[in-house]
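Me: Could you take a close look at one part of this model for me? I'd like to hear about the aromatic rings and how they sit together.

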Amino acid sequence: MGCPDMEGFSPTARDHAENPRHHGRLKEFHGHARVTGPCGDTMEYWLSVRHEKIHDISFVTDGCGSSRACGSLAACLAEGKRVEDAAAVQQRDILAALGAFPDESKHCALLAANSLKAACEDYLSRRDQSIGAAPRENDCKGESGGESQSVAAMRLEGESEKDFIERRALHDRLSRIQRKIIVLSGKGGVGKSTIAVNLAVELARTGYRTGLLDVDLHGPSIPTLLGMEKETIRGGAGGMLPAEVDGLKVMSIGFLLDNPDDAVIWRGPAKMGAIRQFFQDVAWGDLDYLIIDSPPGTGDEPLSVCQLAGRLDGAVIVTTPQKVAAVDVRKSITFCRQLRIPVIGVVENMSGFACPKCGEVTQILPSGGGRRIAEDMSVPFLGAIPMDPKIAEACDNGHAFLRQYAPSPTAMIMREIIRPVLELRRENGDKHELKTTSSKENTPMRFAIPLADGKLTMHFGHCASFALVDADCSEKKILKREDIDAPPHEPGLLPQWLAEHGVQVIIAGGMGSRAQNLFQQQNIRVIVGAPADTPERLVAVYLDGSLQSGENVCDH
Ligand code: ADP
């Protein structure tokens, strides 16, 4: 969204644009924030506070004339006010004070209001230390004038060596995270955290250095979902230390609560302060992926999360199949577009019911809402996860579903759904060595497909032959195919036999969950519900990420 020049603006706006008051940087300040607006422009405010009132304020922006006008006017509105009152200055206040302002420039006023608010909240959160369980790196100068060693680092932005070091440290903290993925939903209770947890667990299992950040202030369920209710926040020299489970680093706002049932009621500024601190102060170290479990909706909280996270590499939007959820999905997609966050795709959760015995999915209610909206708004549809009692059970017991029920049909579906996230790194041309043995990704992958008449047969356990197809996954190219006779039909023989033939993925029409379990033990991934097609086509669509797996036709 570009901004027009100052033609047609009110005299006040033109004056503020041409001679912006408070333009530049304060040498000494107590609150500071830099915010990126939906059009990519940034605005930065510095506040100096005396007796809880804004004594001095300044800003810079790399935006156009209307951004300067809005920034200057917001500073005028804030000067002399109590910090809490300045934080409440709204887009409409700035627009009202500017007089006539064209519609297409109104987002500049929003950027100014948001940046001012963020700077005020920065001050307030430092002052209150409202969640101060961890040692702070950046204590600011209090009214008493007491000056800690780190105060100097706050004082001379851009000029003080220490301040520069601090800014660089913050930047470095985020820049050590290669990929940041946000999981969003229109409302709570749709399975957003469940998907965030399983996505993070799968990434960690694959060998990626992964962090999971739960900033869902109103329902921080990650501690429960991962059996970490007893965790509290620990501070280290470099900031708050994430807890660890099975190689996954976890930080949750829930770790702040004494009792998981405690309602989290945050005051506005404390809320934003908490979110900010979770971004600034968690010592993640080097990460390949940070999965962020966002507060639901498209309001201030997810907005702050997105702004604080810096560049986000993608969003996974979780919804339920009902028609009423469609409106929320639209809003979430629009939200991502405004913030320039690529939408990885929409997941329709709790879509149908998975039979606890064979995994067959029955549609008990109308479904397909997520797919329709995704198609309508031209974003990928990642797939539908059925309502599965095993998911609820795993969540209640504090185990990641994908770990506890790895070979179940629903786990297969979930893994397929999150595959595009795992492939983000390769799509972006990253050269990454997994920390485990999974450099498999770079070597040919071997697929096995049970055959009858040259095509996939639904009778896996009784097929006469298998097609073994080798493919280069990164190039998405089939390298060779070899057909071999199946061994004699003996219970329990196939998993070992296929493992000995180097098979890593089986594409099948149907398979019982016991058999899937045995393959899983051999480290062979099984995809069920594939159609009766040729091996080459099946592998090609798998590599393409578009393999449609239908019903698991139980093979007894
Ligand atoms: P949100 O983060 O959207 O508020 P959660 O991920 O916390 O939602 O999920 C809410 C509840 O729904 C959890 O108890 C979880 O176990 C359950 N749940 C989520 N997805 C499924 C599913 N597909 N089948 C069964 N239960 C599910």
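To start with, is phenylalanine 466 buried or exposed?

Reply: Phenylalanine 466 counts as buried, at 0% relative accessibility; buried here means under 20% relative accessible area, exposed means over 50%, and partly exposed is in between, with a 1.4 Å probe and protein chains only. Before going on, a word on the source: this is a predicted model, so local features need pLDDT of at least 70 and side-chain atom pairs count only at pLDDT 80 or more, while totals for chains, interfaces and linings use all residues. Residues are numbered from 1 along each chain as its sequence is written, and side-chain values use heavy atoms, with hydrogens and water left out. The protein chain has an average pLDDT (the predictor's confidence in each residue, from 0 to 100) of 80, and 81% of the residues score at least 70.

Now the rings. There are seven aromatic pairs in the structure, a pair being rings of Phe, Tyr and Trp (its six-membered ring) with centres within 6.5 Å; planes under 30 degrees apart are stacked, over 60 edge-to-face, and the rest tilted. One of the pairs is phenylalanine 460 with phenylalanine 519, edge-to-face, with 5.7 Å from centre to centre and 90° between the planes. Phenylalanine 460 sits in the loop between β16 (455-456) and β17 (465-472), and phenylalanine 519 belongs to helix α19 (residues 513-521), so this pair ties together parts that are 59 residues apart in sequence. Helices (H or I, at least four residues) and strands (E, at least two) are DSSP runs, numbered from the N terminus. Both of these rings belong to buried residues: phenylalanine 460 has 4% relative accessibility, and phenylalanine 519 has 2%.

Your phenylalanine 466 pairs with tryptophan 497: the ring centres are 5.9 Å apart and the planes are at 45°, so this pair is tilted. It also links distant parts of the chain, as phenylalanine 466 is in strand β17 and tryptophan 497 in helix α18 (residues 493-500), 31 residues apart. Tryptophan 497 is buried too, with a relative accessible area of 15%. Put the four together and you get a cluster: ring pairs link Phe460, Phe466, Trp497 and Phe519.
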